[in-house]
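Thank you all for coming. I would like to walk you slowly through one structure this morning, so please keep the picture in view while I talk.

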Amino acid sequence: MELSNAELFGRKAQNYWRSRPRYAEAFFDFLELTAESRIAEMGAGTGILTRELLRRGAWVYAVEPNSGMRSILERDTRGNGRCVITDGFAERSGLPDGSVNLVIAAQAFHWFEPEKFKAECRRILGGGGRVVLVWNTYRAGVPLIEELDEILKRFCPKFRGFHGGLRLDECRRFFDGACERRIFPNDLNFEVERFVNRCLSSSYALGKGDPQFDRFFEALLDFFYRHQTGERILLPNDTVAYSGAV
């Protein structure tokens, strides 16, 4: 039986929390957050983006259906009166009509039902505000990234390549033809444990019960040690954001 998205990420929550990178500082300048910003963060996960939004003074309504990820988010934001955590979905957030002026989905939009998500955005934005879809994604066309891509294709049947978030045509369809695409350099510098955990945190990655897991694990270690400098590896990466009205 295939696991649901929520169940799949529930098994990977600790790896996700330990290893997923932050977003480029320039991305937050682009958002132009103020103390009046009221943000619905859909698929908030373990709170990697949530914590950064809160640190900049915004109000955040963090929507996350997975209990394992949500428990980490609750732990790390406990006591912050500007954070409201909701057990909900991007398509059914449970937030009041017109309650926010910005909707953000980080690393998550490809799991959503786009038309239902769009309708939910319109409802909670109350006819104003914008939607931002953002990803951290490895930079295309770089030999180092292409080598890692080949390892993942060899061992992970569900891996479909580093696609840089949505294709621009898919984004235009979601935003009814009018969206802005911005790219912010955000190279990642990992030591070995965090690099491996980052690879294992992806939904397509093999789990420990898979017969190919040990070979996959060894291939990741081999890649790291062949390319490391000073026991760290630098991976070319960008924060890619799409924004517009719906």
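Let me begin with cysteine 121, which is buried at a relative accessible area of 0%, where buried means under 20% relative accessible area, exposed means over 50%, and partly exposed lies in between, using a 1.4 Å probe and protein chains only. Before going further, I should say that this is a predicted model, in which local features need pLDDT of at least 70 and side-chain atom pairs count only at pLDDT 80 or more, while totals for chains, interfaces and linings use all residues. Residues are numbered from 1 along each chain as its sequence is written, and side-chain values use heavy atoms, with hydrogens and water left out.

Why does cysteine 121 form no bond with cysteine 171? The sulfur of cysteine 171 is the closest cysteine sulfur to that of cysteine 121, yet it lies 12 Å away, which is too far for a bond. Cysteine 156 is likewise in no disulfide, as its nearest cysteine sulfur, in cysteine 199, is 8.7 Å away, and a disulfide here is a pair of cysteine sulfur atoms within 2.5 Å. Cysteine 156 also counts as buried, with 1% relative accessibility, and the structure as a whole holds 0 disulfides.

Let us turn to the strands. Helices (H or I, at least four residues) and strands (E, at least two) are DSSP runs, numbered from the N terminus. In strand S4, residues 102–106, 5 of the 5 residues are buried, with Leu102, Ile104 and Ala106 on one side and Val103 and Ala105 on the other.

Which strands pair with S4? Strand S1, residues 38–42, runs parallel to S4 and is joined to it by 4 bridges, and strand S5, residues 130–138, pairs with S4 in the parallel sense over 5 bridges; pairing requires that DSSP finds at least two bridges between two strands. Methionine 42 has alanine 105 of S4 as its bridge partner, while isoleucine 104 stands opposite valine 132 in S5. From S4 the chain crosses through helix H6, residues 114–125, to S5 in a right-handed β-α-β crossover, meaning that, with the strands pointing away from the viewer, the path from the first strand over the helix to the second runs clockwise.

Finally, please find aspartate 238 in strand S9, residues 237–244. Aspartate 238 is buried, at a relative accessible area of 10%, and its side chain makes a polar contact with the side chain of arginine 139 at 3.0 Å. Such a contact is a pair of N or O atoms within 3.5 Å; within protein, one must be able to donate a hydrogen and the other to accept it, and residues adjacent in sequence count only if both atoms are side-chain atoms.
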